[in-house]
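Welcome, and please open your viewer. We will walk from stop to stop, selecting a few things at each.

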Amino acid sequence: MQKKASDYLNLLFDIGELADLVTGSSDLESFLELAVDLVARHFNAPVCSIYLYNEKSNRLTLKATKGLKPGAVNKIHMKPGEGLVGRSFETLSIVREGNAGKTPGFKYFKEAGEDPYNSFLCVPIKRGVEKIGVLVVQHRDLNHFEMSDERAIWAVVNHLAGSIENARLLIEFSQTREDAEAIDSLVFVKGNAAAGGYALGKAVVLNEQQKSILYDPVPGEDQFIKQDFSLAIEKTTQELKDLQKGFEQKLPESASLIFTAHFMILKDKNFIGRMGELIDEGLNPVDAVRKVAAKYMAVFSASPHAYMREKSQDVEDLSVRILNNFRARDEKNTYEKGNIAIARQVFPSDILKYVSAGIKGIILASGGVTSHVTILARSLQIPLIIAEESGLLNLPGNTTILMDGDLGNIYINPDKKTIKLFETKAGVERQAHSASMESTTWTKDKKRVILLANINLLSEVPLARTLKAEGIGLYRTEFPFLIRSTFPSEAEQYVIYKKLFDEMQDHPVMIRTLDAGGEKTLAYSDSPKETNPELGLRSIRFSLKHRDVFEFQIRAMLRAAAGKKDIRIIFPLISSLDEFLEAKQVVYDCMDALSGEESEFNRDVAIGMMVELPSALATIDEFAKEADFFSIGTNDFIQYLLAADRANKMVADYYIPCHPAVNRGIAKIAEAAYANSIEVSVCGEMAHEKEYIPFLLGVGIRILSVDPQFLPMVQKTIMNLSMADAVEYAKRMLSETTVKGAKKVLESWKF
Ligand code: PEP
Ligand code: MG
């Protein structure tokens with residue numbers, strides 16, 4: 001039945017009255033019920049419901065309904081983006097569907113009793129920029145709602161938004177109880193897969209809870225005496241030594257670096273000594289630790305220097321360890337109690353600490369993650385999932401968690417059947433992982449392709465060797481810089497690089513100079529905060545600006561390469577020929593200096609560049625005359641060519657590896673390399689993504705460098721394709737002018 005404008009005026013009038021009536025009321029549930037009742041009546045719809053958004057749990061929850069089963073209230077939850085309601089909320093737009101059950105993305109809730117309702121109209125409730133929730137009306141008839149209904153409901157909801165906002169604030173006030181219920185009902189969380197693999201273990205929520213011992217009294221803590229304090233210090237020292245040993249085996253490049261500050265503080269008489277004095281003066285040992293720690297932390301945090309502020313975290317970490325060690329010896333420390341770490345935020349150095357403490361998987365429960373945390377987790381083969389579900393941070397310790405890092409799935413207290421399923425799957429994958437590889441890679445029509453490995457940590461070299469990588473196509477040197485609290489010295493770097501070159505026994509190694517800055521900030525470098533770090537003083541720009549840091553690194557590389565056959569230095573993020581020549585000159589200057597010092601070094605290293613910027617693409621022919629080789633860093637190349645931040649989910653749809661501009665760019669780089677007889681490889685993630693391999697080969701790329709774990713899959717993909725087909729296919733791809741067309745061609749390749 002066609003509605004008349006006067007019907008809607010009538011509706012607005014009533015709602016205006018209602019809003020006035022309830023603004024001062026604190027009976028939230030009845031307000032929401034009245035609201036849904038009234039809207040349902042005026043829209044002549046059998047169902048009207050309100051979902052409210054809770055920022056903490058990042059969920060929409062059904063809060064009131066007229067027409068659905070009342071038992072569903074507070075039981076139905078949706079994430080932004082999930083189902084029609086979630087979609088309306090996320091996109092802040094009206095969703096009108098005439099046959100909801102058949103709409104892609106529709107989420108069916110059995111407990112709501114919504115089967116008979118076909119037509120669906122959802123409207124986001126917002127106030128200014130504040131997103132509040134979603135109001136939904138439903139009707140049995142197919143295609144019941146019309147455009148005029150959209151306008152009307154939009155007006156109604158706008159009118160109600162203020163009152164609903166009040167209601168939501170008050171509801172959040174009494175949220176604690178609901179949060180507890182939510183945790184009980186948390187059984188599965190869908191997150192984003194960041195580092196693959198499977199892990200089963202007990203949850204341990206880190207960061208906040210772990211540190212609370214430093215700030216909140218714990219029952220029984222006043223029983224401790226000075227002897228307990230001395231034992232706690234002893235235990236802490238031993239614990240740190242054990243952790244250190246674990247590191248030395250797993251991560252030789254971190255060697256003695258991670259806990260250096262901790263050991264120094266433990267030796268500081270003003271720290272431990274002052275605690276002892278306070279205890280002698282009659283202060284409870286636990287409070288003595290808290291008091292001295294607080295003083296140190298306050299001094300460090302007030303420093304204008306980032307590296308000093310970092311020290312405050314070391315004091316905090318150390319003091320938490322001491323306090324945890326006051327407990328009886330048979331009580332285990334936080335890490336040992338669980339082995340799936342759940343944290344709000346993670347830094348690269350945290351990952352190292354977790355791993356050496358036996359953590360099997362990491363879940364980031366909120367906030368973003370730098371792509372280097374992801375790369376590090378992958379290098380250490382530890383699953384990492386990013387899940388925007390802060391409820392995870394409230395999980396009680398000892399909760400069993402199953403992580404499927406390949407899909408980003410988190411199962412909370414999974415049943416035996418699920419666990420068994422995953423154990424079988426992991427077993428099959430382990431077998432596939434150790435699948436024997438051929439020592440050289442050929443296409444079906446006998447064209448040779450060279451597979452190299454990307455390495456971030458020395459601990460990955462053995463796997464790369466076992467999997468028959470023919471060399472290292474990218475060694476990211478930044479990790480030893482990122483995981484420590486000061487710049488590594490030339491001598492320290494020399495030891496790391498020498499170990500790498502020795503282990504690779506004359507296979508080619510492409511070693512990249514420091515790619516710091518951007519998201520990979522070195523806390524100790526004291527660089528001012530940048531508004532646009534990805535466009536800032538990063539990478540080669542940082543090195544050229546900090547010439548001494550750059551020279552130490554180059555000298556360490558040249559010395560470590562002495563007597564080696566095929567060592568190649570690569571500069572990252574090169575934006576102009578001038579910059580490349582300047583960086584090259586630094587290498588020659590270092591060679592001259594080393595000659596003068598009569599140090600042994602390698603004069604024959606090749607010098608190449610990462611092609612990652614549109615400016616390099618535009619002048620690629622000139623670069624090909626100056627560089628000994630190219631390595632295409634597709635991760636950054638795509639990011640900068642398409643102006644789409646590689647780590648920003650909001651623009652993920654713009655980050656398109658098969659974009660015509662990217663395709664043509666890669667082809668042009670390969671062409672320039674061939675015309676000037678220099679080698680070109682691809683070391684960005686595209687090189688291990690199965691669907692892009694035929695194109696890369698088709699435009700003439702014959703060297704791919706991938707994370708070691710992808711080597712078997714990449715080899716198998718190449719062995720199953722014919723180069724002649726790949727060349728034809730690449731031609732078709734290059735003739736496409738739109739993303740849509742390129743995607744079609746991409747899908748046409750039959751694996
Ligand atoms: C790239 O940009 O593709 C690359 C390999 O370098 P990184 O991921 O370290 O920036
Ligand atoms: Mg890069």
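In which sense do β18 and strand β19 (residues 567–571) pair, and over how many bridges? They pair in the parallel sense, over 4 bridges; two strands count as paired if DSSP finds at least two bridges between them. Before going further, note that this is a predicted model, where local features need pLDDT of at least 70, side-chain atom pairs count only at pLDDT 80 or more, and totals for chains, interfaces and linings use all residues. Residues are numbered from 1 along each chain as its sequence is written, chains are lettered from A and ligands numbered from 1 in the order in which they are written, and side-chain values use heavy atoms, with hydrogens and water left out.

**Stop 1: around β18**

Select residues 509–512, which make up strand β18. Helices (H or I, at least four residues) and strands (E, at least two) are DSSP runs, numbered from the N terminus. Val 509 and Ile 511 on one side of β18, and Met 510 and Arg 512 on the other, are all buried, where buried means under 20% relative accessible area, exposed over 50%, and partly exposed in between (1.4 Å probe, protein chains only). Now pick Ile 511: its bridge partner in β19 is Ile 569, and Ile 511 is also the bridge partner of Tyr 475. β17 and β18 pair in the parallel sense too, over 3 bridges.

**Stop 2: the magnesium ion**

Next, select ligand 2, the magnesium ion, which is coordinated by Glu 612 (OE) and Asp 636 (OD) at 2.1 Å. Donors are N, O and S atoms within 2.8 Å of the metal (3.2 Å for Na, K and Ca); water is not among the atoms, so sites may look incomplete. Glu 612 lies in the loop between β20 and α22 and Asp 636 in helix α24, so the pair ties together parts that are 24 residues apart in sequence. Glu 612 is buried at 2% relative accessibility, and Asp 636 is buried at 3%.

**Stop 3: helix α24 and Ala 687**

Extend the selection to residues 634–641, helix α24, where 7 of the 8 residues are buried. Those buried residues pack against several elements, including β17 (472–476), β20 (606–611) and α25 (660–675); contact here means heavy atoms within 4.5 Å. After the helix comes Ala 643, with a positive phi near 50°.

Now add Ala 687, in the loop between β22 and α26 (693–698). The C-alpha atoms of Ala 687 and Thr 634 are separated by 8.4 Å, although the two are 53 residues apart along the chain. Ala 687 is buried, with a relative accessible area of 0%.

**Stop 4: the cores**

Which residues touch the most other members of the largest nonpolar core? Select Phe 271, Tyr 497, Leu 558, Phe 571, Phe 630 and Leu 704, out of its 155 residues. A nonpolar core is a set of buried Ala, Val, Leu, Ile, Met, Phe, Trp, Tyr and Cys residues joined through side-chain atoms within 4.5 Å. Helix α10 (residues 285–301) supplies the largest share, 8 residues. A second, separate core of 26 residues includes Phe 31, Ala 40, Ile 153 and Val 157.

**Stop 5: an open sheet**

Finish at the open sheet of 6 strands, ordered β3-β2-β1-β6-β5-β4 with antiparallel pairing. β3 (77–78) and β4 (95–97) stand at the edges, each with a single partner strand, so one side of each has no neighbour in the sheet. On β4, select Glu 97, which stands opposite Phe 120 in β5.
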